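Colleague: I'm new to this structure and would love a close look at a single part. Could you pick one helix, walk me through it slowly, and then show me how it sits in the rest?

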Amino acid sequence: MVPLAHILALSVILFGLGAAGFVFRRNIITIFMCIELMLNAVNLAFIGFSRYLGNLDGQIFVFFVIVVAAAEAAVGLAIIIAVYRNRGSLSIDDFDSMKL
Amino acid sequence: MEVLLLLILLPPLAGAVLNGIFGRRFPQAVVSAVACTAPGLSLLFALLTAWTFAHLPTEPTPYVHSYFTWIEAGAFRADFALYYDRLTLVMTVAVTLVSFLIHLYSRGYMEQEGGYYRFFAYLNLFLFMMLTLVTAANYPLMFVGWEGVGLCSYLLIGFYFPRKSASEAGKKAFIVTRIGDVGFTLGVVLLFWTFGSVDFQYVFTRLEALPPGYLQGSLTAVGILLFLGAVGKSAQLPLYVWLPDAMEGPTPVSALIHAATMVTAGVYMVARSHALYAHAPLALEIVAITGCITAFFAATIALAQNDLKRLLAYSTISQLGYMFVGCGVGLFSAGIFHLMTHAFFKSLLFLAAGSVMHALSGELDLRKMGGLRHQMRTTWLTFLVATLAISGVPGLSGFFSKDAILAGARQGPLGDPRLYWLATVTAGLTAFYMFRALFMAFHGASRVEPALEPHVHESGGKMTRPLLVLAFFSVVAGYVSLPKALGGGEWFHHYLQPVFASSEALLSSTAAPAAGHAPSGLAVMGTSVLFAGAGFLLAYLGYVKFTGLPSRLTEYFHGTYQLLVNKYYVDEVYDWLIVRPLRRGSEVFLWRIVDAAAIDGLLVNGSAQATAGAGNLLRRMQSGNLRSYATWVLLGAVLWLGYILLR
């Protein structure tokens with residue numbers, strides 16, 4: 001059996017990578033992929049706990065997370081396409097209409 | 001009775017309000033009608049009240065009536081209550097009479113001046129405050145009147161406020177008297193602390209029942225503190241400096257406020273508090289000594305003054321000193337007697353001076369007058385009467401009142417030969433400088449500016465009639481109290497006996513016996529007449545007979561003369577010692593550091609800048625930059641999680 005600590009460590013590393021990418025990357029599609037990465041890291045943590053607690057609750061919750069991620073991806077990509085059509089750029093630094 | 005008493009005070013208040021609010025639109029005739037009716041009504045009511053009081057079955061016990069509760073804070077209570085006894089009677093009648101005459105005079109005097117309605121509004125307000133002062137039944141209410149007359153004095157001295165010297169004089173008067181008022185306030189506080197009340201009736205009955213020697217420490221302290229207020233208000237040493245400068249105001253103001261009424265408030269206050277002073281002979285000694293030294297000091301300055309009004313101002317300071325001597329030796333009725341006669345002849349002197357000023361288009365320098373008796377007979381004659389009165393020439397009022405004081409200084413409960421001799425010498429000086437003024441202004445060859453010569457004329461009836469009335473009183477007012485030595489009944493003294501008797505008895509019993517043998521009343525009278533006569537003679541020799549003599553003497557005694565002409569440089573010393581350091585301190589420390597830097601800079605501007613700075617800092621969060629938003633969210637999440645986990 002894979003020790004829980006390893007699973008959680010992997011989860012944390014994935015989450016960290018996702019967070020770092022979310023903050024530092026410029027392309028908005030990349031940022032979205034990082035969001036998905038963070039969500040999946042959390043899924044991994046849930047699965048790990050579910051296995052080691054002998055409880056199915058974690059796995060059920062993963063379903064919820066996947067559904068939410070899918071919905072969010074759909075809506076988010078739709079928004080990005082609309083914005084791309086207006087601005088002609090995918091760099092997040094160009095989305096600065098709120099700047100003073 | 002209670003209605004009548006209140007009615008004495010109300011007309012001037014109503015007049016002040018009417019003229020103050022609507023006077024601008026009234027023609028001069030209406031303004032003066034309103035303003036002169038007020039003191040006239042007050043006089044009428046004062047006389048009616050006097051008559052009613054005299055017929056009360058409880059007479060001469062004081063009549064006290066409380067109209068409404070004014071202050072009530074814990075144990076401290078001060079009502080709007082009025083106190084009427086024989087002393088109040090004398091004061092109200094004298095004040096309203098003189099005030100009425102001066103209001104009438106002012107109708108003519110202020111005709112050509114601007115601000116006619118303002119003048120009369122202030123004058124009426126002053127009368128209301130003064131009447132409040134003399135009828136008050138407790139120290140706080142008296143203090144209201146005290147401060148009120150100070151306010152009106154400031155307003156009236158600075159009446160010609162566009163002139164810098166006038167507004168400065170007004171400020172000086174108010175500020176200097178304020179210093180004395182600190183003492184007064186402390187005295188009232190100490191009195192409350194000692195007796196638990198500041199009501200006259202309560203405190204005075206307690207005091208009369210107090211055996212001698214009890215509470216002497218506190219009572220002496222109260223006496224001295226209250227007297228400090230009198231020193232300021234009645235222009236004694238060292239707080240007299242405002243009175244000569246107060247001559248910047250219109251002459252009727254000088255006559256009313258700075259001769260007859262406001263400055264006498266201090267004397268009244270001491271007389272009213274006689275029950276207290278009877279238990280504090282040390283405080284009374286201080287009163288007498290201060291009064292005597294001031295009288296002499298001011299008389300010496302008056303010798304060398306060439307400005308007629310200034311000369312009269314110093315004369316007032318000197319005569320006020322006499323009044324304090326009277327009270328200070330334990331003869332309160334003598335002090336009040338002199339207050340009354342002085343009100344008549346001093347206001348007459350000032351009004352006559354005003355008449356001269358009008359004739360000479362504002363000239364007040366005695367060196368530029370002369371021979372005016374030919375063109376201004378009435379003014380000359382009334383001035384002569386007043387001069388005779390103030391010099392203590394037998395037959396006129398001043399003689400009787402001054403004599404009462406001199407006799408008291410020699411033989412009174414706290415009398416002392418040194419006080420007596422200094423006061424007698426001062427009487428001689430008084431005669432000298434007054435006759436000098438008379439001769440320089442009205443006699444001899446005319447030294448008037450040639451351009452003004454054709455305009456010299458006697459003043460109109462509106463101005464001369466009050467002069468004549470005052471002259472009449474200057475003569476007869478003394479006859480209310482013929483001294484025993486001349487076979488008289490000392491009626492005035494006896495009339496006020498029920499007021500002062502217990503205090504005078506107490507002082508006589510506790511005072512040390514008079515040194516040496518007491519001279520007879522006639523000897524006192526004779527000596528004072530002698531000194532007055534000497535003063536008159538010297539003035540006559542110097543200013544009528546040998547007119548070259550004074551300038552030769554001033555050359556010979558150059559140093560002394562300079563000292564006197566420059567009023568002993570007291571103003572300059574005060575300026576250097578007190579005014580300048582205060583100014584420097586205020587400008588450098590209080591203004592630049594406390595006001596500009598600390599309050600404006602630190603508190604006002606500083607708090608604004610701090611808020612703006614904080615806002616600026618927070619503004620960076622709203623950058624419009626999505627990535628920074630993302631960073632903030634991440635940061636917030638991490639911190640929150642950390643907090644939850646580590647808690």
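**Helix α8 of chain B and its surroundings**

Modeller: Happy to! Let's take α8(B), a helix that is mostly covered, with 14 of its 18 residues counted as buried. Please keep in mind that this is a predicted model. For chain B the mean pLDDT is 88, and 98% of the residues reach 70 or more.

Start with the length of the helix. α8(B) runs over residues 216-233, and at 1.5 Å a residue its 18 residues should span 26 Å; the C-alpha atoms at its two ends are 25 Å apart, so the model agrees with that expectation.

Now look at what comes just before the helix. L215(B) belongs to the loop between α7 (200-209) and α8 of chain B. Its phi is near 55 degrees, which is positive although L215(B) is not a glycine. As background, most residues other than glycine have a negative phi, and most peptide bonds are trans. L215(B) counts as partly exposed because it has 18 C-beta neighbours inside 10 Å, and a residue needs 20 or more to be buried.

The other end is worth a look too. Just after α8(B), A235(B) takes a positive phi of about 50 degrees. A little further on, the peptide bond from L237(B) to P238(B) is cis, with omega near -5 degrees. P238(B) is placed in the loop between α8 and α9 (242-245) of chain B.

Another positive phi turns up elsewhere in chain B. S361(B) is not a glycine, yet its phi is about 55 degrees, and S361(B) sits in the loop between α15 and α16. With 11 C-beta neighbours inside 10 Å, S361(B) counts as exposed.

Let's set another helix beside α8(B). Helix α19 of chain B, residues 461-476, has 16 residues and reaches 22 Å from its first C-alpha to its last, close to the 22 Å expected at 1.5 Å a residue. Its buried residues include M463(B), P466(B), L467(B), L470(B) and F473(B). Those buried residues of α19(B) pack against α3 (86-109), α15 (332-359), α16 (377-390) and α17 (397-411). As a general guide for following such a pattern, an α-helix has 3.6 residues a turn, so residues three or four places apart point the same way.

S459(B) is found in the loop between α18 (417-442) and α19. Because it has 23 C-beta neighbours inside 10 Å, S459(B) counts as buried. Leaving out residues up to four places away in sequence, S459(B) touches G108(B), S355(B), H358(B), A359(B), T379(B) and T464(B). By contrast with those contacts, the C-alpha atoms of S459(B) and L429(B), 30 residues apart along the chain, are separated by 30 Å. For another pair, V144(B) and A78(B) are 66 residues apart along the chain, with their C-alpha atoms separated by 11 Å. V144(B) is in helix α5, residues 139-157, and is partly exposed because 17 other C-beta atoms lie within 10 Å.

What about the interior? Of the 214 residues in the largest nonpolar core, V325(B) and A423(B) touch the most other members. The element that gives the most to this core is α15(B), with 17 residues. Among the residues that V325(B) touches are A288(B), G291(B), I405(B), L419(B) and A423(B).

Stepping back, chain B has 26 helices and 2 strands. Its C-alpha atoms fill a box of roughly 110 × 70 × 55 Å along the principal axes. Of its 647 residues, 51% count as buried. Among contacts in chain B between residues at least 6 apart in sequence, 81% join residues at least 24 apart.

Finally, meet the partner chain. Chain A has 3 helices and 0 strands, and 10% of its 100 residues count as buried. Its radius of gyration is 17 Å, whereas a compact globule of 100 residues would have one near 13 Å. Its C-alpha trace spans about 50 × 25 × 20 Å along the principal axes. The contact between the two chains takes 8 residues from chain B and 10 residues from chain A. On the chain B side, those residues divide into 3 nonpolar, 4 polar and 1 charged. For the complex, the predictor gives an ipTM of 0.85 and a pTM of 0.81.

Methods. Residues are numbered from 1 along each chain as its sequence is written. Chains are lettered from A and ligands numbered from 1 in the order in which they are written. This is a predicted model: local features need pLDDT of at least 70, side-chain atom pairs count only at pLDDT 80 or more; totals for chains, interfaces and linings use all residues. Helices (H or I, at least four residues) and strands (E, at least two) are DSSP runs, numbered from the N terminus. The expected span of a helix is 1.5 Å times one less than its number of residues. A residue is buried if 20 or more other C-beta atoms lie within 10 Å of its own, exposed if 12 or fewer, and partly exposed in between; C-beta atoms are placed from the backbone. Two residues are in contact if their C-beta atoms, placed from the backbone, lie within 7 Å. A nonpolar core is a set of buried Ala, Val, Leu, Ile, Met, Phe, Trp, Tyr and Cys residues joined through C-beta atoms within 7 Å. Ala, Val, Leu, Ile, Met, Phe, Trp, Tyr, Cys and Pro count as nonpolar, Asp, Glu, Lys and Arg as charged, and the others, Gly among them, as polar. pLDDT is the predictor's confidence in each residue, from 0 to 100. The radius of gyration is taken over C-alpha atoms; the globule rule is 2.2 Å times the number of residues to the power 0.38.
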